[in-house]
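User: Please take a close look at the strand pairing in this structure. I would like one connected account, including whatever packs against the strands.

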Amino acid sequence: MNELLEFLRTHDEAFRSRARLASLYSDFRNQRHTNPDGYHANASAWMRALTAAANAGLIPSSSASSQDDHFVLQTGEELARALQTQELGRPLALGSVIDEAVRKKELIPLKEFLEAKESVYAKHWLPTPWQVMSWGLRQLGVIGGDSSEDKLVKGEFVVMANLEAAAKAALDHVSKTASSHTARIFSRDLLASTLCNALNVTSLSQRDTSVLLMHLARDQAAIAYDPATGTVKFHAPGEMKPASIEQEDITIASLRTLISGLEPQIQQLIQRVSELDAKAREAVAKKQNAAAKVALRQKKMAETKLQSRTATLTQVEEVYAKIEQAADQVEIVRVMEASSTTLRSLNQKTGGVEKVQDVMENLRESMQDTQEMSEAIGEVGAGQIDEGEVDDELEALERAEREKVEEAERKEREAREEKEAEETRKKLAELEGLKNPDEVSSPQEAEEVKRRLEAAGQSQQ
């Protein structure tokens, strides 16, 4: 089983079932009328599988480039042969699937995509040349239709789902990493290498890069792109569209590309010096002086080249830092100039200091007039009140309050007298149980009886 078939069976559930696989490989074109749901289910499964395989770089290509395409699907004999199985043969309705995807704009012919002048999202946009060719091929029974044979014609198509996902990942990556004006400027090659990690691919082919740049520039208006110099500039936050490419941008892109190329060279030279040093030490340990001298000479040459590359990188980085600083200053001045213009315009709308003073004076006069009118209204209202009625009502309130207080004091006094009477009754009851002093048996007991009698007598008084 080849790599493409293994990928489809691993990553798409529709290709795991034997019965489902037989349906996908059958000529299901006639189901477009007899079983529309089944037809669209099979067509969707094929497009989902081909889209995923293209994104993984597993679609065979007759291109001379060794790099795999991720956004371009090439159809033809190579694809049909790669999908062929010993048990089921080749898929019999794949041509119809491709034609259906083109009509839905899920696939767009590569030539028409690159040559289009307006966005592919325009409602009236349609690759007219392909429409004419597709119609002609249907009449011949080559693709689509219900003819006895469904051939997979050779063609190159942009896979819009993969392209849109890559564009979104690219914009997200730049928005997160671009901390300055110059960081949004790339050369074509620098952008392709920078986006590999963001897109989770090892490399971007030249066709992938061309398609992605065209999509970002024309369809999403997210970048300015100069094909002649290969300079790319992403729009800054707040800009409706990116500014045009200028000579400064071309220079910045070249410097950034040079720096990105020197850094891996220096890392390789550092590793080379380390390896040669280890090789020389190993030769000395083995008493191989000639081999040790050769390794040391090579090490010296590598160290010399390393010093040269490091010095060059340092100089280029210094130049780039100055350019970056100057570019940021230009941006700051531009913003300040725009702010000054805005502030001047707002001040003009106020009419100047004299107009503001007049407005404030008028406001003070209006507030004074309001205060005087409020006082006048208060005086009129006060003259209509009968002071005699007010005094009578106040006297009635005071009399009611006095009666309330006197009633409370009376109740408190009666409660206190009742309490004292109750205590006296209790003490009298205790006296009834006391012994006569003459009848006690001891002087101490007689003294206690007298004391209590005296206390009871005082309480009764």
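Analyst: In this predicted model, T75 has G155 as its bridge partner, and G155 belongs to β3. The pairing that contains this contact joins strand β1 to β3 (residues 155-159) in the antiparallel sense, over four bridges. Strand β1 covers residues 72-75. T75 and L73 point one way from β1, while V72 and Q74 point the other way. This arrangement follows a general rule: in a regular strand, side chains alternate between the two faces of the sheet. In β1, however, both sets of side chains belong to buried residues.

Further along the chain, three strands form an open sheet in the order β4-β6-β5, with antiparallel pairing. Because β4 (185-187) and β5 (223-226) stand at the edges and each has a single partner strand, one side of each is left without a neighbour in the sheet. From one strand to the next, the twist averages 15 degrees. The antiparallel pairing of β5 with β6 (residues 231-234) comprises four bridges, and within it A224 stands opposite K233 of β6.

Two helices pack on this sheet. Helix α10 (residues 188-199) touches β4, β5 and β6, and its direction makes about 100 degrees with that of β4. Helix α11 (residues 206-219) touches β5 and β6, and its direction makes about 125 degrees with that of β5.

Terms used. Residues are numbered from 1 along each chain as its sequence is written. This is a predicted model: local features need pLDDT of at least 70, side-chain atom pairs count only at pLDDT 80 or more; totals for chains, interfaces and linings use all residues. Side-chain values use heavy atoms; hydrogens and water are left out. Buried means under 20% relative accessible area, exposed over 50%, partly exposed in between (1.4 Å probe, protein chains only). Two strands pair if DSSP finds at least two bridges between them. Axes are lines fitted to C-alpha atoms, for helices over the stretch in contact, and angles run from 0 to 180 degrees between N-to-C directions. Contact means heavy atoms within 4.5 Å.
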